[in-house]
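Biologist: Before I rely on the labels attached to this model, I would like to hear the reasoning behind them. Could you take me through the values one at a time?

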Amino acid sequence: MFNKCIMMGRIVNDIEFKTTPTGVNVAQFRIAVDRRFQQKGEERKSDFFNIVVWRQQADFVNRYFSKGRMIMIEGELNTRQYTDKNGNPSTWYEIVADRVSFTGEKAQGGSYGDSYGAPAPSVPPQYAAAPASAPAAAPASDFSAAESDDDYPF
């Protein structure tokens, strides 16, 4: 069996960061994910998802993310049964994220940060992307053997 969710959206509430009685950190928040298509003449619709992040990933989210920031999460969709305040049985859906990533969004000022112009946080080395390596030089070609374009069949 396989249960994997990958979503990228905007955080829509303040992150709730807590520590359990046993000392485990947990962060909870909701993200809004825009749908790919919209009906002509209508606004684009979004879906909202509950996210839970545990341990070091919770610390990471609490430190580097906030309401309004784009975030990418990977995890499992879980359900919990509960009884609502009216005594009716209900189901709670949440994504338990085991991987959280920056999205690479740029602020209007040109630097990385959130879309509201907040500066990007300094990122610890374990979360920073490795620098792109320079492309390998193309091998030297000797085109002197082809005297004119008439030698080519196209």
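Biologist: How do you know whether E94 should be called buried or exposed?

Modeller: The model is a predicted one, and in it E94 has a relative accessible area of 9%. Buried means under 20%, so E94 is buried.

Biologist: What makes the contact of R80 with E94 a salt bridge?

Modeller: The closest N and O atoms of R80 and E94 are 3.0 Å apart, and the limit for a side-chain nitrogen of Lys or Arg and a carboxyl oxygen of Asp or Glu is 4 Å, so the pair qualifies as a salt bridge. R80 lies in strand β5 and E94 in strand β6, 14 residues apart, and the pair thus links distant parts of the chain. R80 itself has a relative accessible area of 44%, which puts R80 among the partly exposed residues, because that class lies between 20% and 50%.

Biologist: Why is the pair E74 and R99 also called a salt bridge?

Modeller: The N to O distance between the side chains of E74 and R99 is 3.7 Å, which is within 4 Å, so this pair meets the criterion as well. E74 is in strand β5 (residues 70-83) and R99 in strand β6 (residues 89-101), with their positions 25 residues apart in the count along the chain. E74 is buried because its relative accessible area of 13% falls under 20%, whereas R99, at 49%, is partly exposed. The two also belong to a network of salt bridges in which K4, E74 and R99 are linked.

Biologist: What makes D47 and R35 a salt bridge, and where do the two residues lie?

Modeller: Their side chains meet at 2.8 Å, N to O, and that value is within the 4 Å limit, so the name applies. D47 is in strand β4 (residues 46-54) and R35 in the loop between β3 (25-34) and β4, 12 residues apart. D47 has a relative accessible area of 26% and is partly exposed, as is R35 with 40%. A search of the whole structure finds six salt bridges, this pair being one of them.

Biologist: How do you know that β3 and β4 pair, and in which sense do they run?

Modeller: They are joined over nine bridges in the antiparallel sense, and pairing requires at least two, so the condition is met. Within β4, D47 is the bridge partner of V33. By the same requirement β4 and β6 pair, because three bridges join them, here in parallel. V52 stands opposite V96 in β6.

Biologist: Why is the pair of F60 and F102 called edge-to-face?

Modeller: The ring centres of F60 and F102 are 5.4 Å apart, which is within 6.5 Å, and their planes stand at 75 degrees, which is over 60, so the pair is edge-to-face. F60 lies in helix α1 and F102 in the segment after β6, 42 residues apart. F60 is buried, because its relative accessible area of 3% is under 20%, while F102, with 27%, is partly exposed.

Biologist: What makes the pair of F60 and Y64 tilted?

Modeller: The planes of F60 and Y64 make an angle of 50 degrees, with 5.4 Å centre to centre; since stacked needs under 30 degrees and edge-to-face over 60, the pair is classed as tilted. Both residues lie in helix α1, four residues apart, about one turn of the helix, and both are buried. F60, Y64, F65 and F102 form one aromatic cluster.

Biologist: Which residues have the most contacts inside the largest nonpolar core?

Modeller: The largest nonpolar core has 20 residues, and those with the most contacts inside it are F29, I31, F65, I71, I73 and V100. The elements that give two or more residues to this core are β1 (5-11), β3, β4, α1 (55-64), β5 and β6. With neighbours within four places in sequence left aside, F29 is in contact with residues including I11, F49, I51, V61 and I71.

Biologist: How do you know whether F2 is buried or exposed?

Modeller: F2, in the segment before β1, has a relative accessible area of 75%, and because exposed means over 50%, F2 is exposed. The C-alpha atoms of F2 and E76 are separated by 9.0 Å, although the two residues are 74 residues apart along the chain.

Notes: Residues numbered from 1 in each chain as written. Predicted model: local features only at pLDDT ≥ 70, side-chain atom pairs only at ≥ 80, totals over all residues. Heavy atoms only, no water. Buried < 20%, exposed > 50% of the residue type's maximum accessible area, 1.4 Å probe, protein only. Core = buried A, V, L, I, M, F, W, Y, C linked by side-chain atoms within 4.5 Å. Contact = heavy atoms within 4.5 Å. Phe/Tyr/Trp six-rings, centres within 6.5 Å; stacked < 30°, edge-to-face > 60°.
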